[in-house]
Amino acid sequence: MVEPASVPERAPAAVLARAAVAAGYAPSVHNTQPWRWSAHPDRLELHAERDRQLSAADPQGRLLMISCGAALDHALVALRAQGWAAEADTGSDPDRPDLLATVTASNRTPVTPGAKRLFEALATRRTDRRPVSEQPVGAPALATIQRAVTGRARLQPLTREQVLELAAAADAASTVESADPAIRAELAYWTGRSARGGVGLTAGVLPGRAPRTTVPDRDFGRAGTLVVGSGHDRAATYLLLYGDDDEPASWLRAGEALSAAWLTAETLGVSVLPLSVTIEVAGTRQLLRRLLSGLGHPYLVLRLGIADPDQPGPPHTPRISPAGLVEIATL
Ligand SMILES: Cc1cc2nc3c(=O)[nH]c(=O)nc-3n(C[C@H](O)[C@H](O)[C@H](O)COP(=O)(O)O)c2cc1C
């Protein structure tokens, strides 16, 4: 007798929609959340939301794609934590250029403790722009975070000399951006009251004064209200997230890698700060490429450290409501 072929079990539409909602926790440049999901009965579609692209600082959409890649990985993490073997097809469709990925979940899989921990990290992870403590990140934790990006990008720790070059590049890139009225206006929008509805950076997450740090963050053009201690982040590790190509598909993968690295770091008690100003300015991006000695193209600078245990974590940055990011489709 012929056994009937087993029909793969498919994740219910509500499970898919919940994963898209969970992806709303993903980090994004200036908290622009430049994506939109359509939740179909059998799949999730991730679309780029060009209205929230930084047209002055990110005209090529590199940071938009990295942000969308982070949202994509968050959705996959959410599905795996609910016992679904989720997959993303990121093949491009010339007729729908802003359709970045299609996610399907069509088989049950055991939920590992690691998958649960990554899912829990979704809601606790946040950007902390204050100096990290004097305690360096241990080599085993660093190696685990580096392994987390495998297959999508690579993470290269920088030497002391390279960090000093990076610091000079960050200063130079900030000077270039501060002299550009369009970039200044864009930053003022995303850090000001005009950006409402759960997007942009609130005063509560921006440092009240310039933190003592080796590599400066971008000049946000305004002081926030986050209390900054007197420590210096000299114990931090700076890394470059990089890969073989410099094109939209590799930026999306870089975003998935960023999410994987950051969620893994969160489970290990390691704080991550992405720094993108040197990526935004073409001249300093080339300089970072030279720091990689031709090994690849830089996507993002990451500062890793152990948060100061004497300071409570910064507040969470607000988010767009689920209804604004996830549309339920019937077909
Ligand atoms: C591609 C990308 C670039 C970013 N660049 C910077 C940066 O240069 N400086 C910074 O302080 N934060 C940067 N961030 C962090 C975002 O501002 C942060 O993820 C967002 O405001 C949401 O806050 P949360 O991470 O606390 O959830 C970046 C994030 C992403 C994904």
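Modeller: Helices and strands here are DSSP runs, a helix needing at least four residues (H or I) and a strand at least two (E), and they are numbered from the N terminus. The model is predicted.

Biologist: Which strand gives the most to the shell around the ligand?
Modeller: Helix 2 (62-81), helix 7 and strand 7 (271-275) each supply at least two residues of this shell. With three residues, the element that gives the most is strand 7.

Biologist: Which residues come nearest, of the 24 around the ligand?
Modeller: A residue counts as near if one of its heavy atoms lies within 4 Å of the molecule. There are 24 residues around the ligand. Those that come nearest are R125, T127, R129, D217 and R319.

Biologist: How far is a polar side-chain atom of T127 from an oxygen atom of the ligand?
Modeller: A polar contact is a pair of N or O atoms within 3.5 Å. R129 has a side-chain N or O atom 2.6 Å from a ligand oxygen. T317 places a polar side-chain atom 3.3 Å from a ligand oxygen. For T127, the distance is 2.5 Å.

Biologist: How much of the accessible area that the ligand has on its own does the protein cover?
Modeller: The ligand sits in the largest pocket. On its own it has 610 Å² of accessible area. The part covered by the protein is 99%.

Biologist: Turn to helix 7. Is S250 buried or exposed?
Modeller: S250 lies in helix 7, which spans residues 248-267. Buried means under 20% relative accessible area. S250 has 2% relative accessibility, so it counts as buried.

Biologist: Which backbone oxygen lies 2.8 Å from a polar atom of the S250 side chain?
Modeller: Two backbone oxygens matter here. The one of D245 lies 3.1 Å from a polar atom of the S250 side chain. Leaving aside neighbours within four places in sequence, S250 is in contact with D245 and Y299. The oxygen at 2.8 Å belongs to E247.

Biologist: Where is L54, and which residue 132 places along the chain has its C-alpha atom 7.2 Å away?
Modeller: L54 is placed in the loop between strand 2 (44-48) and helix 2. It counts as buried because its relative accessibility is 2%. Its contacts, leaving aside neighbours within four places, are V29, H30, T32, P59, E186 and W190. The residue at 7.2 Å, C-alpha to C-alpha, is E186.

Biologist: What does T32 touch, beyond residues up to four places away in sequence?
Modeller: T32 lies in the loop between helix 1 and strand 1. It has a relative accessible area of 0%, so it is buried. Outside that sequence window, T32 touches R52, L54, W190 and V199.

Biologist: What is phi of Q33, a residue other than glycine?
Modeller: Q33 is found in the loop between helix 1 (13-22) and strand 1 (35-39). At 0% relative accessibility, Q33 counts as buried. Most residues other than glycine have a negative phi. Q33 has a positive one, near 45°.

Biologist: S293 also has a positive phi. Is S293 buried or exposed?
Modeller: Phi of S293 is near 50°. Its place is the loop between helix 9 (282-291) and strand 8 (297-305). Over 50% relative accessible area is needed to count as exposed. S293 has 63%, so it is exposed.

Biologist: How far apart in space are L291 and L158, C-alpha to C-alpha?
Modeller: L291 is in helix 9. It is buried, with a relative accessible area of 8%. Not counting residues up to four places away, it touches L158, Q162, E165 and L240. L291 and L158 are 133 residues apart in sequence, and in space they are separated by 8.5 Å.

Biologist: Which class of exposure does L164 fall in?
Modeller: L164 lies in helix 5, residues 160-178. Its C-alpha atom is 26 Å from that of E266, 102 residues away along the chain. Values between the buried and exposed limits of 20% and 50% count as partly exposed. L164 has a relative accessible area of 46%, so it is partly exposed.

How values were computed: Residues are numbered from 1 along each chain as its sequence is written. This is a predicted model: local features need pLDDT of at least 70, side-chain atom pairs count only at pLDDT 80 or more; totals for chains, interfaces and linings use all residues. Side-chain values use heavy atoms; hydrogens and water are left out. Buried means under 20% relative accessible area, exposed over 50%, partly exposed in between (1.4 Å probe, protein chains only). A polar contact is a pair of N or O atoms within 3.5 Å; within protein, one must be able to donate a hydrogen and the other to accept it, and residues adjacent in sequence count only if both atoms are side-chain atoms. Contact means heavy atoms within 4.5 Å. Accessible areas come from the Shrake-Rupley method with a 1.4 Å probe; for residues, only the protein chains shown count as cover. On a 1 Å grid over the protein atoms alone, a cavity is a set of points where a 1.4 Å probe fits but cannot get out, and a pocket is an open set with protein on both sides within 12 Å along at least five of seven lines; lining residues have an atom within 4 Å of a point. A molecule sits in a cavity or pocket if more than half of its atoms lie within 2 Å of its grid points.
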